[in-house]
Amino acid sequence: MKNLYIPKGKTLHYEALACRNIVNDGVLIVENSIQARHISGKGVLDAGSIACRSLSAADIDAAHITTGKLAAERVCASEVKVSGAAVVSCCLEAAYVVTPKLTVALSEVGEMDAQEVVNLPNKRRGILAALFAGFCRR
């Protein structure tokens with residue numbers, strides 16, 4: 001599959017998914033793994049494992065996340081590996097996190113390997129506001 005679009009209000013279930021680009025404004029539930037170049041949208045993503053170049057979503061729930069860039073409001077995963085910057089505007093829950101730079105408001109992390117961590121004040125904000133606030137706090 002080349003591209004996949006999930007509109008707001010729609011829920012899609014897959015056992016495994018491999019795409020080029022995924023735009024998720026609804027709910028995407030994948031039992032095993034998602035492999036894609038780019039995943040974006042304002043929807044909910046629930047998967048066993050996620051592997052992509054860039055990942056942007058409102059709510060992510062996965063066992064393993066491996067990506068180049070991460071931007072989300074809420075992330076719940078056992079293992080998060082990001083080769084670039086990671087921005088989580090509300091809450092990050094993970095057992096293990098590896099990233100060069102992490103910008104986060106609230107976090108509950110078991111073990112972290114990060115070179116730079118920016119803690120944002122506890123406010124309700126979107127992804128773009130978290131990016132801007134992290135840039136200003138540096």
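This section describes the nonpolar core, the first strand and the surroundings of Ser 54 in a predicted model.

The largest nonpolar core comprises 33 residues. Within this core, Ile 22, Ile 34 and Ile 50 have the most contacts. At least two core residues come from each of strand S1 (3–6), strand S5 (27–35), S7 and strand S8 (85–119). The top contributor is S7, which supplies 15 residues. In soluble globular proteins, nonpolar side chains tend to be buried together. When residues up to four places away in sequence are not counted, Ile 34 touches Leu 17, Ile 22, Leu 28, Ile 39, Leu 45, Ala 47, Ser 49, Ile 50 and Ala 51. Two of the residues with the most contacts inside the core, Ile 22 and Ile 50, are thus among those touched by Ile 34.

Side chains alternate along S1. Leu 4 and Ile 6 point to one face and are buried, whereas Asn 3 and Tyr 5 point to the other face and are not buried. S1 runs parallel to strand S4 (residues 21–24), and the two strands are joined by four bridges. In this pairing, Tyr 5 of S1 lies opposite Val 23 of S4.

Ser 54 belongs to strand S7, which spans residues 44–82. The relative accessibility of Ser 54 is 19%, and this residue therefore counts as buried, the cut-off being under 20%. The side chain of Ser 54 makes a polar contact of 2.8 Å with the side chain of His 38. With neighbours within four places in sequence left aside, the contacts of Ser 54 are Arg 37, His 38, Ile 39, Thr 67 and Lys 69. Ile 39 also appears among the residues touched by Ile 34.

Definitions and conventions:
Residues are numbered from 1 along each chain as its sequence is written. This is a predicted model: local features need pLDDT of at least 70, side-chain atom pairs count only at pLDDT 80 or more; totals for chains, interfaces and linings use all residues. Side-chain values use heavy atoms; hydrogens and water are left out. Buried means under 20% relative accessible area, exposed over 50%, partly exposed in between (1.4 Å probe, protein chains only). A polar contact is a pair of N or O atoms within 3.5 Å; within protein, one must be able to donate a hydrogen and the other to accept it, and residues adjacent in sequence count only if both atoms are side-chain atoms. Contact means heavy atoms within 4.5 Å. A nonpolar core is a set of buried Ala, Val, Leu, Ile, Met, Phe, Trp, Tyr and Cys residues joined through side-chain atoms within 4.5 Å. Two strands pair if DSSP finds at least two bridges between them.
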